[in-house]
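Grab a coffee and open the viewer. Here are some exercises to work through, each followed by a solution.

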Amino acid sequence: MKKYKDIMKQIKYIALLIIVSVITSCSSDYLEPVPNSGITADSYFNNADEVETGIIAIYDAWQGVNSTSLSDNHSVQYEFYLTEMRSDNTRTKSQEGEAAQFEFYNVEATNGIVANYYASMYNTIFRANIVLDNLAVVTDADQAAAFEAEAKFNRALAYFNLVRLYGDVPLIDKVISPLDLEVQYTRVVASSVYDLIVSDLTTAVSGLDNTYKTRASKAAAQGMLAKVYLTLGKYSEAQGLCEDVMGSGFGLMDNFNDVFYNERNKEIIFAIGYESALSSDSQNFSAEWMNGVGRSSGVNYVTNDVITALDDFGGVRAQYSYRNDASQTTQNQVTKYLPNGESGGADGKTFISDATLAGNDWIVLRYADVLLMHVEAILAGGNETTDSQALSSFQKVRDRAGLTTTVTIVTKDELLLERRVELAFENHRLFDLVRFGRAESVLSAFSAVNGLGYSSSDLLLPIPQREINLSKGLMSQNAGY
Amino acid sequence: MNLKIKLMLFVMLMVNISIIAQDSFTVKGTVISQTDESPIPGVNILIKGGSKGTTTDFDGNFTLDVKQGDILDISFLGFKNKIIPIVSQKVLRVLLEEDTSALEEVVVIGYGTSKKSHLTGSISKVVNKDLDQIAVSRVDDALVGQVSGVNIQATDGEAGAAPTISIRGVGSMAGDSTPLIVVDGIIVDSDFLGSLNMNDVQSFEILKDAASSSIYGSKGANGVIMISMKSGLDGKTKINYSSYIGFKEARHSDAYTFSIAETAAAELAANGVLSDRTKYKQLIGIDRSWQDVIFDGGTITSHSLSLRGGNDKTKFATSLNFSDDEGVLLTDNFTKYGMRLKLDSKLNDKISIGASFSPSYTERRRFDGSTHDILRQTNWLPVYHDANTIQYVDRNIYPDVQIGDYAIQRHFDNYDLYGDGSVLVDISNTSNTNPAAKILERERYDKKFKLFSSFYGQYKITDDLTFKSMVSGSYQDTKRSRWQGVLSNRNGASAAQMNEITQRSTYLISDNFFNYNKSFDKHDIGATVGVVFESRDEFFSSISGTGYTNDGVKQITNAATISGADAFEWEKNGISYVSRFNYAYDNKYLASLSLRRDGSSIFGSEYKYGNFPAVSIGWNISNESFLEDSEVVNNLKFRVSYGVTGNDRLNTGSVNPDSSSSTSSLSTGDKLVDFYPSLALLAATTASVNGSLQSGFSPLNIANPELKWERLIEINPGIDFGFYNNKISGSIDWYQRTSDQLLLNNPVSYTTGFSNALVNLGEVKNEGFEFELRTRNVSLENFSWKSAVIATTNKNTLVDFADSNGQIQNIDAKRAAEWINLEGMPISTYYGWVVDRDIPLEYLKNAYHPVGGQAQDVYVKDLNGDGLIDDEDKAPLGDPYPDLVWSFTNEFKVGDIDFSFMFQGSHGAEIRNMGDQYIFNQFNSGQDFNTATTPDQDFIKQKIFTDAIIQDASYIALRNINIGYNFPEDVLSKFKISKLRVYAAGQNLMYKTADDYTGFNPESIDRTGPTTYGYQRAGSPIYSTISIGLNLDF
């Protein structure tokens, strides 16, 4: 019994010992476990390889998220809503929901798609700024310059889209803290935004080469800068840049349709890459443009107005640009970017592979666009040109479309029409109308015929209402919203 | 003494009169409370005039060696003593009558127990007397209406789906509002409620006020449900077998039941002729509601076998159970297998050890569809083509359709109605596949294996001081699979896909506690000090495949393409220091103080630790001299409590899509952020570069090193009362809960590169009354009648919502019905236009197609009178939180027959029933107004943006009804059976909803966020059950 008591006594101490040891053995990181399924930002961006992963993340931002949630950034996958569907080219199939606000020119400041694109562009800019802020760790000067050029190309492209869609916008050229409220809500005049775009693209032209088609390249920077100069009315600079691209080995595909179904063909200068069947790297705009294949019942449906233009002036391009919707024969669909190149069978909506996980790359800049920009640069704001270089570039685009009659003069409106039928449904139409100074006349007429609500203030989208609200009076809204 | 017992004793005496006195023999007995027939543990049984005696175990059982002529003195604090002379009885059933002057029920509280009379917080106890006779497959489903302050709502009517439980309202905006679940002192995931077996449950104690739950610190803010499992028994092994079978039937909505015949009659009356479409529909000859197809009813069965026994040193309880619930929807099913072993052993006077071990396996087949999507399809559409329907198929477009194939609406288009080619009639209104195919051709399973185990050692250092150390582990392995076959989608094989999610969770807790209890003079002192360590490890992986050409192998391996794969692993650690001090003076003046200090790994480096204090006091007025001898008042206690608790659960949403609450997701949208919210994280991304994927890293969140838990502060005064020897007893509580520093995904400017930052902001207030009244109306030998009324009111107010104040949210851009989160109103408040009047049928394009169609639009009110309808005319339209929830229970006992029923109701909540939009086919163009003729078109809006679909979600239900027969013991003893009860029970045999509610379950709510709560897209039906069962004890 005595022995038993001793054991008892010992157990008492053992118990205490266990507690004390457990408490003290708790190492300091017990409450600060290190995540092993992700990386913390503090410990990253230490060398060139890690900075390059930051560059890849910029393209991930351009791709956007293939989902149906409005809280994910959809980036370029949603761009058609804000561009083609606000032009005379497309509309929704059944006029429902927020998507229908664009075609009716009654976009509300609370529109989620408008906010989504704004968020997407600034997310792209943010990712570019991260690369720029971390260049110091890249020891090889050439590599650092190339990274800088690449980040700035992407930043410029995002700002170019923002300034054309929203007008004066906040200018963020470095990584900012959430507490830097002033810069987040201060709308900088468009000309200053263009200054940054020109400066960034100039850096990009000098620092890049033509290795990639789905990453930034010299030709892509030249082409984009040319378009920026055209927008700013600097025609001779634009002409030179177009000619630089024309001397860089790009060319037109013989068959117009092949442009869209041969990824990275010789006509592609810059595209956003997608891979089919992968939820994280595919796109769903191809499916949304079909009849109830995507989440919507059908968007980016073709207007009769553009059908007339394509049929009358498009040559072979008409048949490769749109088709009758087999499921609803009063409606017409875009046939550039059919999901994974499939036709969708007899009803136009039965696809072999999952159409909502489509792999078609999105073409941002292609050679035909550069040729027509070349014509535009030579036209230099005038009403017509007979310049042989301009005629030559114009003729190349027309020849490929099977319109081989020799052109002897190009008027401004002919060029605009040519751009329309060549680049239909590639998100150029609205910007072209504005750049050519024809937006007001064309869209008013189109609106009147179709009973829509166009007014000149509709050329700019609203700043997302949530930004206005968060700014607590700091930020002003565009006119008309 | 009970007349029956007297009689029995007399008979026994007569039988035994001639038997010569023997040596000692063993008597076994059970001591139960006369009030509620629950067993009483810890009852002293002494043989008069000697020192021999024993006490009853946790189940009220005792064994004692006696000899003829002994007199047993049975006593227990709070009950009147009972004297039983031993003649030759070997089995005793002792009913103790409550001595209400000293009511001494023991209540389980956090990390300990307390005498009920010493409680100063708000804790409700539910003893499992007949809860196990309610034919439901989850224990939480059986608790509806049992306790005030606890709202249990059948938000998902699928078999095995967890109800939404909220205690005293919803306080969290982004975290998890599910109460903490504690089983035998061990914290478990709320998901364990889905695998518990009710037959193993002894009682539930619900800690409602913050002072009671603050002992659980940063986990206590949503209240705590403590579950005590049955323990082993001292004495002969008691074997129990319980079983029931129930038949379930879904509640149909009359409003959603249409017929072609009725529509045709209305059309004929209005137009004088039938349209070709209507004629064609009648010709097809099928006219039935899709509710009849997808609400197929079901059977629920349960078998449970338990053995409990042991001796005074070692006791055991073990059980096996099986239940199968077919659910009332097509394909849904929930099967549960469980086993349990619990051992307690006293090594000696000082040391006792124990262990428990309970593995379970559940398999749930989901109803993989949405009722709104199916019920919107038309009455005339068959499921499969037969010899009749095949003749209507448009052979030009569908040459291959055969008898036995799924019928699709489009098959029936272009029908030559008059046989002469004069009219080709289209009647389809969707290109969707057959609604039944959408369900039957998908297979969605949740398979879960759970293992819950614990081990403890307890050492009695002195008579007053004990030390207990417990290690527990819960392990959960979940596999969710979702197969969508080639026929399940209108897009055919290209949409066939498989998704598989594997989750593994390990949760280890070590509790180490000193307990001190001392009574001297008039002082009762209790103290508890301890330290708790916990560690949680989670693994999640998901894989998806596409490219199936057939249904042959429904596995990832047969996929042509792996379309997505994902895996995460994370951990969460915590350390807590717990202390509590209780004091009672003369059983009159009570006080309790507690403090918990919690450290949690998920919060910011500056706020790893937080303190959670509580204080409560009570005054037992009935023990004061001026009331001590009162004939009327036998119990009267005033108490006030104040406490602070926290909520640290911000992870479950993105990880556990079916966690028990529909309000349980902080969705930062990323699992990694959910677990490491205070760190600046980078996410791996990929981009396609020249045709191949390259990987990148990009920032995922805005880091917040100052992040901490949500805090809840609650004040709760209350009164407990008992009159006329507790013939009337009950309690009244008032509470005010203020939840602040809420975890919010506060919006930030998009220009930062992000849209939200996780911060502690905002404040929500819940306040209300709780009322419980229990009466013993009649207590006669052969007839008793008891009643209980339980009622709770709650008012939810958003007090501070920082930058999000006034935010308007929708959950579906296509049908953007809005909620507003506005300070001064409930968290989620419906928002939209107010209906003025309907559009007369004459202005609709085609009011009689499709069948059951109703106008999409409605005239709304110009609230500000400016002559146009815009955002300025929108108004708050109601909220989804009930103002009053109540139940009314009656129990009767006539001889061996008992009968009970419970009515339960909820009032004041509204629901946004989006089901109307779908099922009345409002989006169909036939239901559009004619733009050429309709007047005042500027005043027309779609119904879904108005209060036309904001409906009263109130209900009154006959929740439970039970009638049982207990076979007399004298009959049973011949068969060595100690107890046999057979019963018939019913749930929801009556279920009355508000007149304007059109759906089939006003409790059903889709899973959205807490700020957009109350969305019902038809939902899943409430169901009624009729069951029969038996309980058998050997």
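Keep in mind throughout that this is a predicted model.

**Exercise 1. Get a feel for chain A: how many helices and strands does it have, and what box do its C-alpha atoms fill?**

Solution. Start with the secondary structure: chain A has 20 helices and nine strands. Next, lay the chain along its principal axes, and the C-alpha atoms take up a box of roughly 120 × 55 × 45 Å. Then look at burial: 53% of the 481 residues of chain A count as buried. Finally, take the contacts in chain A with a separation of 6 or more; 65% of them come from residues 24 or more positions apart.

**Exercise 2. Find the domains of chain A and work out how many residues of domain 1 are in contact with domain 2.**

Solution. First, the bounds: the domain assignment gives domain 1 as 45–208 + 451–481 and domain 2 as 285–357. Second, the spacing: the C-alpha centres of these two domains of chain A are 28 Å apart. Third, the contact itself: 15 residues of domain 1 touch 15 residues of domain 2. Sort the domain 1 side by class and you get three nonpolar, seven polar and five charged residues.

**Exercise 3. Track down the largest nonpolar core. Which residues have the most contacts inside it?**

Solution. A bit of background helps here: in soluble globular proteins, nonpolar side chains tend to be buried together. In this model the largest nonpolar core holds 157 residues, and the ones with the most contacts inside it are Phe153(A), Leu201(A), Ala221(A), Met224(A) and Ile269(A). Now ask where the core residues come from: helix H6 (residues 141–166) of chain A supplies the largest share, 14 residues. Domain 1 and domain 2 of chain A each put in at least three residues.

Zoom in on Leu201(A) next. Skip its neighbours within four places in sequence, and Leu201(A) is in contact with Phe153(A), Ala156(A), Ala221(A), Met224(A), Leu225(A) and Val228(A). Apart from the largest core there is another one, of 66 residues, including Val860(B), Ile944(B), Ile950(B) and Tyr991(B).

**Exercise 4. Map the contact between the chains. Which strand of chain B gives the most to the side that touches chain A?**

Solution. Count both sides to begin with: 65 residues of chain B and 75 residues of chain A take part. On the chain B side, the elements giving two or more residues include strand S25 (465–484), strand S27 (523–546) and strand S28 (561–585). S28(B) gives the most, with nine residues. By class, the chain B side splits into 28 nonpolar, 31 polar and six charged residues.

There is strand pairing across the chains, too. Strand S1 (residues 39–40) of chain A pairs antiparallel with S32(B) over two bridges. To spot this in the viewer, look for Ile39(A), which sits opposite Leu682(B) in S32(B).

**Exercise 5. Trace the partners of strand S17 of chain B. How many bridges join S17(B) to S18(B), and how many to S56(B)?**

Solution. Take S18(B) first: strand S17 (residues 235–250) and strand S18 (residues 298–310) of chain B run antiparallel and are joined by 12 bridges. A handy landmark is Ile245(B), which stands opposite Thr301(B) in S18(B). Now S56(B): 11 bridges join S17(B) to strand S56 (residues 1023–1033) of chain B, again antiparallel. Here, look for Tyr241(B) and its bridge partner Leu1032(B).

**Exercise 6. Find the four-stranded open sheet in chain B. Which are its edge strands?**

Solution. Write down the order: S41-S42-S43-S46, with antiparallel pairing. Strand S41 (807–810) and strand S46 (875–878) are the edges, as each pairs on one side only. The twist from one strand to the next averages 45°. For a closer look, strand S43 (residues 829–832) meets S46(B) over three bridges, and Gly832(B) has Ala875(B) as its bridge partner.

**Exercise 7. Is Pro1002(B) buried or exposed?**

Solution. Locate the residue first: Pro1002(B) is in the loop between strand S54 (991–993) and strand S55 (1015–1016) of chain B. Then count neighbours. The cut-off for buried is 20 or more other C-beta atoms within 10 Å. Pro1002(B) has 26 C-beta neighbours inside 10 Å, so Pro1002(B) counts as buried. Who is around it? Leaving out neighbours within four places in sequence, Pro1002(B) is in contact with Ile911(B), Ala953(B), Tyr955(B), Thr993(B) and Tyr997(B). Ala953(B) is 49 residues away along the chain, yet its C-alpha atom is 4.8 Å from that of Pro1002(B).

Definitions and conventions:
Residues numbered from 1 in each chain as written. Chains lettered and ligands numbered in written order. Predicted model: local features only at pLDDT ≥ 70, side-chain atom pairs only at ≥ 80, totals over all residues. Contact = placed C-beta atoms within 7 Å. Nonpolar A, V, L, I, M, F, W, Y, C, P; charged D, E, K, R; others polar. Pairing = 2+ DSSP bridges. Core = buried A, V, L, I, M, F, W, Y, C linked by C-beta atoms within 7 Å. Buried ≥ 20, exposed ≤ 12 C-beta atoms within 10 Å, placed from the backbone. Domains from an automatic or database assignment. Axes fitted to C-alpha atoms, helices over the stretch in contact; angles between N-to-C directions.
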